[in-house]
Amino acid sequence: MFEYELHQIRSAELIREAQNHRLAQEALRGRRAARRAAARESAQHESEGQGHTKRPRRHRFARAA
């Protein structure tokens, strides 16, 4: 009987952990969606092709000699 109670406790603990994990993932998806929506909104207000700085764009890698 003691082992059954331990199993029940562990099962309840795993269920709580799974619920917390799902809640955290849902919150993360919500933040990502809000960030994407804000980026789309700001992109509509700005003209296309403009960066956040006035410096010209540099190449990622240096040219070969």
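Hi everyone, this is a short walk through the structure shown above, from its overall fold to its surface patches and its salt bridge.

Before we start, please keep in mind that this is a predicted model.

Let's begin with the overall picture. The secondary structure is quickly told: one helix and zero strands. Helix 1 covers residues 2–45, and the protein has 65 residues in total. So what share of those residues is buried? The share of buried residues is 0%, where buried means a relative accessible area under 20%. The protein exposes about 7,100 Å², and carbon and sulfur atoms supply 53% of that area.

Now let's look along the helix, beginning with Phe2. Phe2 sits in helix 1, and because its relative accessible area is 59%, Phe2 counts as exposed; the cut-off for that word is over 50%. Phe2 also has partners on the surface: together with Leu6 and Ile9, Phe2 makes a nonpolar patch of about 330 Å².

Next comes a pair of charged residues. How many salt bridges does the structure hold? The structure holds one. In that salt bridge, the side chain of Arg10 meets the side chain of Glu13, at 3.3 Å from N to O. As a general point, side chains of opposite charge can pair when their charged atoms come close. Arg10 and Glu13 are three residues apart in helix 1, so about one helical turn separates them. And are these two buried or exposed? Something in between: Arg10 is partly exposed, at 42% relative accessibility, and Glu13 is partly exposed too, at 30%.

Last stop, the arginines. Which residues form the positive surface patch? Arg29, Arg31, Arg32, Arg35, Arg36 and Arg40 form it. Let's pick one of them, Arg35. Arg35 lies in helix 1, and its relative accessibility is 56%, so Arg35 counts as exposed.

To recap: one helix, a nonpolar patch that includes Phe2, one salt bridge and a positive patch of arginines. Thanks for listening!

Terms used. Residues are numbered from 1 along each chain as its sequence is written. This is a predicted model: local features need pLDDT of at least 70, side-chain atom pairs count only at pLDDT 80 or more; totals for chains, interfaces and linings use all residues. Side-chain values use heavy atoms; hydrogens and water are left out. Patches are made of residues with over 30% relative accessible area and no salt bridge: like charges are joined within 9 Å, nonpolar side chains (Val, Leu, Ile, Met, Phe, Trp, Tyr) within 5 Å. Accessible areas come from the Shrake-Rupley method with a 1.4 Å probe; for residues, only the protein chains shown count as cover. A salt bridge is a side-chain nitrogen of Lys or Arg within 4 Å of a carboxyl oxygen of Asp or Glu. Lys and Arg count as positive and Asp and Glu as negative; His and the chain ends are not counted. The place of a charge is taken as NZ of Lys, CZ of Arg, CG of Asp or CD of Glu. Helices (H or I, at least four residues) and strands (E, at least two) are DSSP runs, numbered from the N terminus. Buried means under 20% relative accessible area, exposed over 50%, partly exposed in between (1.4 Å probe, protein chains only).
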